[in-house]
Amino acid sequence: MGALKEEKQNWGLKEEASQSSLKLAHEGREGAEAYARELEQAHVDQLAQLTSYQIQSIGLQEAALASEVQRKKLEELDAAWRQKLGEREDALAVKVEALGLLQAEANKLRVEKEFLEK
């Protein structure tokens with residue numbers, strides 16, 4: 001009867017050990033699944049952050065492009081203004097030259113008038 005009792009105790013210990021192993025395995029599996037979910041969530045969060053950075057980058061690129069377009073338009077306006085200004089300066093130079101010629105002619109006529117009056 002002692003051997004049967006001892007075998008029964010051993011069987012009980014084996015069953016308890018087996019239950020403990022199953023419990024640990026189940027807890028380990030649950031822990032591994034929880035860890036996997038955490039990793040997956042972290043990955044999703046990183047992808048969301050990366051997407052946000054990409055959107056910001058696109059916005060900055062658009063702003064830089066708009067700024068470049070605006071700079072080119074300003075350069076074109078400046079060039080047109082300088083050309084117009086140059087044309088006006090040329091026209092003014094012609095008028096100044098004509099005025100000088102008229103003054104020279106007026107002086108010549110005045111001198112001739114004074115000479116004739118004497």
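Trainee: Okay, jumping right in with E75: how does that residue count for exposure?
Mentor: E75 counts as partly exposed, since its relative accessibility is 44%. Keep in mind that this is a predicted model.

Trainee: Got it. Which residue does E75 form a salt bridge with?
Mentor: That would be R71, and the closest N and O atoms of the pair are 2.2 Å apart.

Trainee: And where do R71 and E75 lie?
Mentor: Both sit in helix α1, four residues apart, which is about one turn of the helix.

Trainee: What about R71, how accessible is that one?
Mentor: R71 has a relative accessible area of 37%, so R71 is partly exposed.

Trainee: Which other side chain meets R71 in a salt bridge?
Mentor: E68 does, with an N to O distance of 2.4 Å.

Trainee: How are E68 and R71 placed along the helix?
Mentor: They're three residues apart in helix α1, which spans residues 2–117, so about one helical turn separates them.

Trainee: Is E68 buried or partly exposed?
Mentor: Partly exposed, at 31% relative accessibility. The cut-off for buried is under 20%, so E68 doesn't count as buried.

Trainee: What links E68, R71 and E75?
Mentor: A network of salt bridges links those three residues.

Trainee: Switching topic: how many salt bridges does the structure hold?
Mentor: Four. One of them pairs D78 with R82, where the closest N and O atoms are 2.8 Å apart.

Trainee: How far apart are D78 and R82 in the helix?
Mentor: Four residues, or about one turn, with both of them in helix α1.

Trainee: And how do those two count for exposure?
Mentor: D78 is partly exposed at 34% relative accessibility, while R82 counts as exposed at 57%. The line for exposed is over 50%, so R82 passes that mark.

Trainee: Let's zoom out. How many helices and strands are in the protein chain?
Mentor: There's one helix, and there are zero strands.

Trainee: What share of the chain is buried?
Mentor: Buried residues come to 0% of the 118 residues in the protein chain.

Trainee: Last one: how much area does the protein chain expose?
Mentor: About 11,200 Å², and 60% of that is supplied by carbon and sulfur atoms.

How values were computed:
Residues numbered from 1 in each chain as written. Predicted model: local features only at pLDDT ≥ 70, side-chain atom pairs only at ≥ 80, totals over all residues. Heavy atoms only, no water. Helix = DSSP H or I, 4+ residues; strand = E, 2+ residues; numbered from the N terminus. Buried < 20%, exposed > 50% of the residue type's maximum accessible area, 1.4 Å probe, protein only. Areas by Shrake-Rupley, 256 points an atom, 1.4 Å probe, with all protein chains shown as cover. Salt bridge = Lys/Arg side-chain N within 4 Å of Asp/Glu carboxyl O.
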